[in-house]
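Biologist: I'd love a close look at one small part of this model. Could you start from a single residue and work outwards from there?

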Amino acid sequence: MYKRFSAVMFPIVTLLLIGAVVWGYQENQEKHAILLKAENQYQRAFHDLTFHVDKLHDQIGQTLAVHSSSQGMQRKGLVNVWRLTSEAQNEINQLPLTLLPFSETEDFLSRISNFSYRAAVRDMTKEPLSDEELKTLKTLYANSATIAKDLEQVRTKVLSNNLRWMDVEVAMATENEQSDNTIIDGFKTVDKKVTEYPEINWGPSVSSIYTKRSVTMLQGPPATQEEMKKKALELMKPHSVTNVRVKKNGNSKEHETYTVSADHKHGDGGIMIDFTKQGQPMSYMDTRTVKGSRVSIETAESKAEKYLEKHGYQDFEAVRYHDHQNIASFTFVPEKQDVYLYPQKIQVRVALDNGDITGIQAADYLYGAEEVKSVSLKPKLTEKEALKRLNKDIIIEDSNLAVIKNELSKSVLCYEFVGKQGSQKYRVFINADTGEEESIETLK
């Protein structure tokens, strides 16, 4: 009996053992292939980064060497600077540097990209590079030379010592002996030197991109936590809530905000409302589950509009919407003297199961007030003159005046035209003072 059982089981066990060995070998080979592919991608991205930063240095130098009257060549040079910094930023994103302090260098390249792009897109025959901008380019030329040199030194060590990027990833993940990793030390050195560069005048259009919003920009005396709680309960109506609490977010004076949260008395989830220290609501979020879609978009828009009016947001117009996962999201902008003020937009989310307000984003409304204050709402061009700047194939369906932020992060007065070209609908913004096309978006 035993011999018969062994005769049957032995071949089966042998086959299972062989199968396990083959499976383990294949798994190991596949794992090795994945690691090798990742290593090759990291190596390629790093060598491309080193190459593009070196070319960036050369391109800035060539742009500086062009005669000031050759605006076409200057623009071409600046476009190439923008392209090379964009390539370098893309390659940095492909490297395992998320845990490594390389943010200063990334920020520096980002500023070069925005500086060159904004200078290149303007009409340089009317607004050539200023003496201050040329001075900035000379500084960038010197600084980029240092970065290129340091990255080349890291690359030389990588090649001569056959260093692996996978070891960098492991070192950063385990936080063990990071100081002994040559690649990590090299990137830390590059980033430290960037922090030691003298202050650069990037110009107002670039600086505005990196200006962080601070509650100190907002007007009004500070509110008490009790005042915020009272205002939050008004915003939460008609919901029945319990366990209302107020929490200060962090200790920063620049970004001092408070969150009032409460649980639904009946049902799942709760409501959270963020306030500035002056007691102005910045955001509203209801975390309950939205079940189904029974409310029409028209009804949802009406409910959003009535909610805004009830809480003091007067003269707002819905300019766009989209719906996703049973929630309709509307963008409203205030209307002043028949002009839409896009920098002060408010987004409202409405649940399509019963029409409840489930979310509001009002930070742009609060901070955008200063951005539109300096813009004249009286156009220099007539609507008829602005229409001449449009593509003749677009059939206009609607138009109005609007203040928007253009590519230079500057608030400008525009004519807003909504129209169709074929079956596709577009929204086009024409500068109401210069006639330039500031922006175009596809409407879905």
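Does Ser283 count as buried or exposed?

Modeller: Happy to! First, this is a predicted model, numbered from 1 along each chain as its sequence is written, where local features need pLDDT of at least 70, side-chain atom pairs need 80 or more, and totals for chains, interfaces and linings use all residues. Side-chain values rest on heavy atoms, without hydrogens or water.

Ser283 is buried, because its relative accessibility is 14% and the cut-off is under 20% (1.4 Å probe, protein chains only). Ser283 sits in strand 4 (strands are DSSP runs of E, at least two residues, numbered from the N terminus). Leaving aside residues up to four places away in sequence, Ser283 touches Met272, Ile273, Asp274, Ile360 and Gln361 (heavy atoms within 4.5 Å).

Ser283 also helps to line the largest cavity, together with Leu235, Pro281, Met282, Tyr284, Tyr307, His311, Tyr313, Ile360 and Ala362 (a cavity is where a 1.4 Å probe fits on a 1 Å grid but cannot get out; lining atoms lie within 4 Å of a point). A search of the whole structure gives 1 cavity of 30 Å³ or more, and the largest one has a volume of about 70 Å³ (the space filled by probe spheres). Strand 4, residues 281-286, supplies the largest share of that lining, with 4 residues.

Now follow Ile360, which both touches Ser283 and lines the cavity. Ile360 lies in strand 9, where it stands opposite Val348. Strand 8 pairs with strand 9 (residues 357-361) in the antiparallel sense over 4 bridges (pairing needs at least two DSSP bridges). Their hairpin has 5 residues between the strands, and there Gly355 adopts a positive phi near 85°.

Val348 in strand 8 is also the bridge partner of Phe330. This belongs to the antiparallel pairing of strand 6 (residues 327-336) with strand 8 (residues 346-351), over 6 bridges.

From Phe330 we reach the rings. The model has 9 aromatic pairs (Phe, Tyr or Trp ring centres within 6.5 Å; planes under 30 degrees apart are stacked, over 60 edge-to-face, the rest tilted). Phe330 and Phe332 make a tilted pair, 6.4 Å centre to centre with 50° between the planes, and both residues are buried. Tyr415 and Phe417, by contrast, are stacked, at 6.2 Å and 20°. Tyr313, named above in the cavity lining, is linked by ring pairs with Phe316 and Tyr365 into a cluster.

Technical notes:
Rings of Phe, Tyr and Trp (its six-membered ring) pair if their centres lie within 6.5 Å; planes under 30 degrees apart count as stacked, over 60 as edge-to-face and the rest as tilted. Buried means under 20% relative accessible area, exposed over 50%, partly exposed in between (1.4 Å probe, protein chains only). On a 1 Å grid over the protein atoms alone, a cavity is a set of points where a 1.4 Å probe fits but cannot get out, and a pocket is an open set with protein on both sides within 12 Å along at least five of seven lines; lining residues have an atom within 4 Å of a point.
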